[in-house]
Amino acid sequence: MSEQTKAQEQEQELVQEDLQESAVEQAEQAQESAQTEQAELSPEEEIAGLYAELEAAKQTIEGQKDSVIRAAADAENVRRRAAQDVEKAQKFALEKFSNELLPVVDNLERAIEFADKENEATKSILEGIEMTLKSFNDALAKFGVEAVSPQGEAFNPELHQAMSMQPSNDVSPNTVLAVMQKGYTLNGRLLRPAMVMVSKAAE
């Protein structure tokens with residue numbers, strides 16, 4: 001190996017050593033700088049930083065708490081609506097069936113109304129019809145079906161249907177003079193309005 005080559009290699013080794021020393025010095029300086037910055041923070045600044053972190057954590061917790069409360073409220077609303085739907089279904093499940101039974105009650109009442117009550121031959125039949133009607137009405141009442149027979153009451157468009165109007169000096173206007181057909185409600189809900197004759201002021 002020539003002396004020139006050896007000189008070049010020695011020069012390269014020296015350059016590498018210089019680079020390594022420079023890198024070590026820079027690392028040591030960076031570490032010293034970081035330590036100095038840490039040491040420069042006063043206790044008050046450290047406390048302020050900790051307070052800031054605590055406040056951020058509190059805000060995060062509050063946000064999560066609101067989400068939990070909203071979710072609980074939504075669940076309660078769903079549960080309440082479901083309970084109301086079930087209650088309505090139970091109350092009004094017999095609505096259609098009850099409507100089908102009302103003409104039977106009407107026919108029994110007509111049979112009693114137009115029967116010859118003085119005829120001894122049909123007296124026992126009439127008593128049987130009356131007992132049947134009473135049993136029928138008791139059974140309907142047990143399931144929340146109630147009759148609307150507003151004779152002499154003020155006309156109520158929510159429960160009554162006016163079939164005709166008649167002038168009258170004996171009662172005030174808008175009074176029910178006669179009931180042509182009873183109405184019925186199921187647990188407070190109208191099944192059928194009462195068909196009525198209503199008074200009006202005499203001319």
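**Exercise 1. Asp 106 and its partner**

Work out whether Asp 106 is buried or exposed, and find which residue forms a salt bridge with Asp 106.

*Solution.* Start with the accessibility of Asp 106 in this predicted model. Its relative accessible area is 6%, and the cut-off for buried is under 20%, so Asp 106 is buried. Next, look for the partner: Arg 192 forms a salt bridge with Asp 106, and the closest N and O atoms are 2.8 Å apart. Then place the two in the chain. Asp 106 belongs to helix H3 and Arg 192 to strand E5, with their positions 86 residues apart, so the pair links distant parts of the chain. Finally, check Arg 192 itself: at 13% relative accessibility, Arg 192 counts as buried too.

**Exercise 2. Another link to strand E5**

Find which residue of strand E5 meets Glu 95 in a salt bridge, and say what the pair ties together.

*Solution.* The side chain of Glu 95 meets that of Arg 189, with an N to O distance of 3.0 Å. Glu 95 lies in helix H3 (residues 95-114) and Arg 189 in strand E5 (residues 189-192), so this salt bridge ties together parts that are 94 residues apart in sequence. Now check how open the two ends are. Glu 95 comes out at 23% relative accessibility, which makes it partly exposed. Arg 189 has a relative accessible area of 36% and is partly exposed as well.

**Exercise 3. A pair within one helix**

Explain why Glu 76 and Arg 80, four residues apart in helix H2, can be placed about one turn of the helix from each other.

*Solution.* First the general geometry: an α-helix has 3.6 residues a turn, so residues three or four places apart point the same way. Now apply that here. Glu 76 and Arg 80 both sit in helix H2 (residues 43-92), and their spacing of four residues is about one turn. Their side chains do meet, in a salt bridge with an N to O distance of 3.6 Å. As for exposure, Glu 76 is partly exposed at 31%, and Arg 80 is partly exposed at 38%. Don't stop at the pair, though: Glu 76, Arg 79 and Arg 80 are linked in a network of salt bridges. Across the whole structure, a search turns up six salt bridges.

**Exercise 4. The two ends of helix H2**

Compare Ile 47 with Phe 92: which is buried and which is partly exposed?

*Solution.* Take Ile 47 first. This residue is found in helix H2 and has a relative accessible area of 47%, so Ile 47 is partly exposed. Together with Tyr 51 and Leu 54, Ile 47 forms a nonpolar patch on the surface, with about 330 Å² of accessible area in total.

Now Phe 92, which lies in helix H2 as well. At 17% relative accessibility, Phe 92 counts as buried. Leaving aside residues up to four places away in sequence, Phe 92 touches Leu 186, Asn 187 and Arg 189. For one more distance, take Phe 143: its C-alpha atom is 9.8 Å from that of Phe 92, with the two positions 51 residues apart along the chain.

**Exercise 5. The faces of helix H4**

Work out where the buried residues of H4 lie around its axis, and what they pack against.

*Solution.* Begin with the helix as a whole. H4 (residues 123-142) has 20 residues and reaches 29 Å from its first C-alpha to its last, close to the expected 28 Å. Its buried residues include Leu 126, Leu 133 and Leu 140. Seen down the axis, the buried residues of H4 fall within an arc of 50°, so they line one face of the helix. That face packs against H3 and strand E1 (145-148). On the other side of H4 you'll find Ser 124, Met 131, Lys 134 and Lys 142 exposed. Just after the helix, Gly 144 takes a positive phi of about 90°.

**Exercise 6. The whole chain**

Find in what order the elements of the chain run, and how much of the chain is buried.

*Solution.* Count the elements: there are four helices and six strands. From the N terminus on, they run α-α-α-α-β-β-β-β-β-β. Of the 203 residues, 16% are buried. Then the contacts: among those with a separation of 6 or more, 64% join residues 24 or more positions apart. Last, the surface: the accessible area of the chain is about 15400 Å², and 53% of that belongs to carbon and sulfur atoms.

How values were computed:
Residues are numbered from 1 along each chain as its sequence is written. This is a predicted model: local features need pLDDT of at least 70, side-chain atom pairs count only at pLDDT 80 or more; totals for chains, interfaces and linings use all residues. Side-chain values use heavy atoms; hydrogens and water are left out. A salt bridge is a side-chain nitrogen of Lys or Arg within 4 Å of a carboxyl oxygen of Asp or Glu. Helices (H or I, at least four residues) and strands (E, at least two) are DSSP runs, numbered from the N terminus. Buried means under 20% relative accessible area, exposed over 50%, partly exposed in between (1.4 Å probe, protein chains only). Patches are made of residues with over 30% relative accessible area and no salt bridge: like charges are joined within 9 Å, nonpolar side chains (Val, Leu, Ile, Met, Phe, Trp, Tyr) within 5 Å. Accessible areas come from the Shrake-Rupley method with a 1.4 Å probe; for residues, only the protein chains shown count as cover. Contact means heavy atoms within 4.5 Å. The expected span of a helix is 1.5 Å times one less than its number of residues. The arc is that of the directions from the helix axis to the C-beta atoms.
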